[in-house]
Amino acid sequence: MRPNIVSEAGLQTRAGQWWDNIPFLTSAVVIVCGVIYLVCLLVGYDSFYEICFLPEALVSHFQVYRIFTSIIFHGSLLHVFFNMFALVPLGSELERIMGSIRLLYMIILLATSNAIFHLIIALVVAHNPIKPYPSLMTECAIGFSGIIFSMIVIETSLSGVQSRSVFGLFNVPAKWYAFILLVLFQLLMSNVSLLGHLCGILSGFAYTYGLFNFLIPGPSFYSAIESSSWLASCVRRPKFILCSGGNPSAYIPTYSGQNSPSSGLFSGNIWRNLSSWMPQRETAAQSIQEDSRFPGRGRTLGAGQNAAVNSDSNLQARLLDNSNPNNTSDIAAAGAGQGLSNERRSPVNNAVAATAGGPVLPQGPVASNEQIDKLVSMGFERTQVEVALAAADGDLNVAVEILMSQQG
């Protein structure tokens, strides 16, 4: 029994973590659609003809509410399950980019445009003089899948990929990905609304190519909604994503020419743009900084801290090893392994040899009295200062390192 209890606890924990990672609006849509389906199932409601999107009802009775009721009702358990299963990754990614309120506005906009496209196509096809199909006017469509097809088009455009995998079986060009899914679902499943999915694809392309730009409000609109008192309880939730935290132009992906300004996130690869928001590890070229207050080349303290520690510990180990005066070559090899430069390696070896009593290599220029006095004033003995400066070829920094290692 114990392994089963542990396994169940692990599954519950993973399920909780998965749910916690879903942003606010996406999880809210999943809950709303799931609860509505359960309520309909419990009370036995199946009169979907009253709430579905019905072109004839919009034309004859102007029942505009069907535009929005049709997307939150579902006809079966598999219907709502597959729609929500597809919504979670798509909605989560788009919500993290746009923000919760902006994504809600986009869903409303897409639902409206889907309905308009659906109505126009149904009217044209049903009343065309060549071969009319009046059945399209009485076709009842429900479900969130039309919005999902729009999101597929938008997300594919944002990803910047050239091809997409269809269920891991084969790759297709990215621009045809949504149409391939449309055909596959139509062939594999029954009672699928071809026109509803097609209109979702058309709305996604219209949104992506900027045809809805004139309907998109500015950032101040979303900020005003987020700062309102009636939404304060939602905004305080950790899963809620503020629109003001992202790119001001992130609400609309537009294709622009070379002469037009870039549209931020949506003009290129989404991952390349998102990575620019993340802290980057400093490279060697970036570590070289110049400040007007401190002219010249410098390095950050963190960049040289480990090297300084290794250098000090190496010097201490070599200076304390006085038992064998013939270790000069071994010490020099160890010093090279610690990253000392060629110019600084020989002075240090000379200082080690002088301290250990071994032979001293030829010295560089003799240190000046000013340099000696400067180091003596720092508290070092004059004899040690002279030896260190001679070993360091007159380099004060190297001499200080040698003297400090001797003090340790």
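These are my notebook entries on a predicted model.

**Entry 1. The chain as a whole**

I started with the overall counts. The chain has 408 residues, and 39% of them count as buried. I then went through the secondary structure and noted 19 helices and two strands. For contacts between residues at least 6 apart in sequence, I looked up how many span a longer stretch: 64% join residues at least 24 apart.

**Entry 2. Helices H2 and H5**

I looked at how helix H2, residues 24-43, lies against helix H5, residues 77-98. Their axes come within 8 Å and cross at roughly 170°. Angles over 145 degrees count as roughly antiparallel, so H2 and H5 are roughly antiparallel to each other. I listed the residues that make the contact. From H2 they are Phe-24, Leu-25, Thr-26, Val-29, Val-30, Cys-33 and Tyr-37. From H5 they are Leu-77, Val-80, Met-84, Leu-87, Val-88, Gly-91, Ser-92 and Glu-95. Sorted by kind, the residues of this contact come to 11 nonpolar, three polar and one charged.

**Entry 3. Aromatic rings**

How many aromatic pairs does a search of the whole structure find? It finds 13. I wrote down two of them in detail.

Tyr-45 pairs with Phe-48 in an edge-to-face arrangement, with 6.2 Å from centre to centre and 90° between the planes. I checked the accessibility of both partners. Tyr-45 is partly exposed at a relative accessible area of 26%, whereas Phe-48 is buried at 17%. The cut-off for buried is under 20%, so Phe-48 falls within it at 17%.

Phe-81 and Phe-82 make another edge-to-face pair, at 5.5 Å centre to centre with 70° between the planes. Here Phe-81 is partly exposed at 47% relative accessibility, and Phe-82 is partly exposed at 43%.

I also noted an aromatic cluster, formed by Trp-176, Phe-179, Phe-205 and Tyr-209. Separately, I looked for a charge over a ring and recorded Arg-164: its charged end sits over the ring of Tyr-177, 5.6 Å from the ring centre.

**Entry 4. Val-153 and Asn-114**

Next I picked two residues in helices and looked up what surrounds them.

Val-153 belongs to helix H7, residues 145-159. Is Val-153 buried or exposed? Val-153 counts as buried, at 5% relative accessibility. Leaving out residues up to four places away in sequence, I found Val-153 touching Ala-178, Ile-201, Gly-204, Phe-205 and Thr-208. Phe-205, one of these neighbours, is also a member of the aromatic cluster in the previous entry. I looked up a C-alpha separation as well: Val-153 and Ser-203 are 50 residues apart along the chain, and their C-alpha atoms are separated by 8.8 Å.

Asn-114 lies in helix H6, residues 100-126. Asn-114 is buried, with a relative accessible area of 10%. With the same exclusion of residues up to four places away, the residues that Asn-114 touches are Gly-146, Ile-147, Ser-150, Cys-199, Gly-200 and Ser-203. Ser-203 is thus in contact with Asn-114, and it is the residue I used for the C-alpha separation from Val-153.

**Entry 5. Positive phi**

I turned to backbone angles. Most residues other than glycine have a negative phi. I noted two phenylalanines with a positive value.

Phi of Phe-62 is near 55°. Where is Phe-62 found? Phe-62 sits in the loop between helix H3 (55-61) and helix H4 (66-72). Phe-62 counts as exposed, at 66% relative accessibility.

Phe-167 has a positive phi of about 55°. Phe-167 is in the loop between strand S1 (163-166) and strand S2 (170-173). Phe-167 is exposed as well, with a relative accessible area of 53%.

**Entry 6. Leu-184 and the strand loop**

Last, I looked up what Phe-167 meets from elsewhere in the chain, starting from Leu-184. Leu-184 is in helix H8, residues 177-188, and is partly exposed, with a relative accessible area of 23%. Not counting residues up to four places away in sequence, Leu-184 touches Val-166 and Phe-167. The C-alpha atoms of Leu-184 and Val-166 are 9.7 Å apart, for a spacing of 18 residues along the chain. Leu-184 of helix H8 therefore contacts a residue in the loop between S1 and S2, Phe-167, at heavy-atom distances within 4.5 Å.

Note on methods: Residues numbered from 1 in each chain as written. Predicted model: local features only at pLDDT ≥ 70, side-chain atom pairs only at ≥ 80, totals over all residues. Heavy atoms only, no water. Axes fitted to C-alpha atoms, helices over the stretch in contact; angles between N-to-C directions. Helix = DSSP H or I, 4+ residues; strand = E, 2+ residues; numbered from the N terminus. Parallel < 35°, antiparallel > 145°, perpendicular 65-115°, else oblique. Nonpolar A, V, L, I, M, F, W, Y, C, P; charged D, E, K, R; others polar. Phe/Tyr/Trp six-rings, centres within 6.5 Å; stacked < 30°, edge-to-face > 60°. Buried < 20%, exposed > 50% of the residue type's maximum accessible area, 1.4 Å probe, protein only. Lys NZ or Arg CZ within 6 Å of the ring centre and 35° of its normal.
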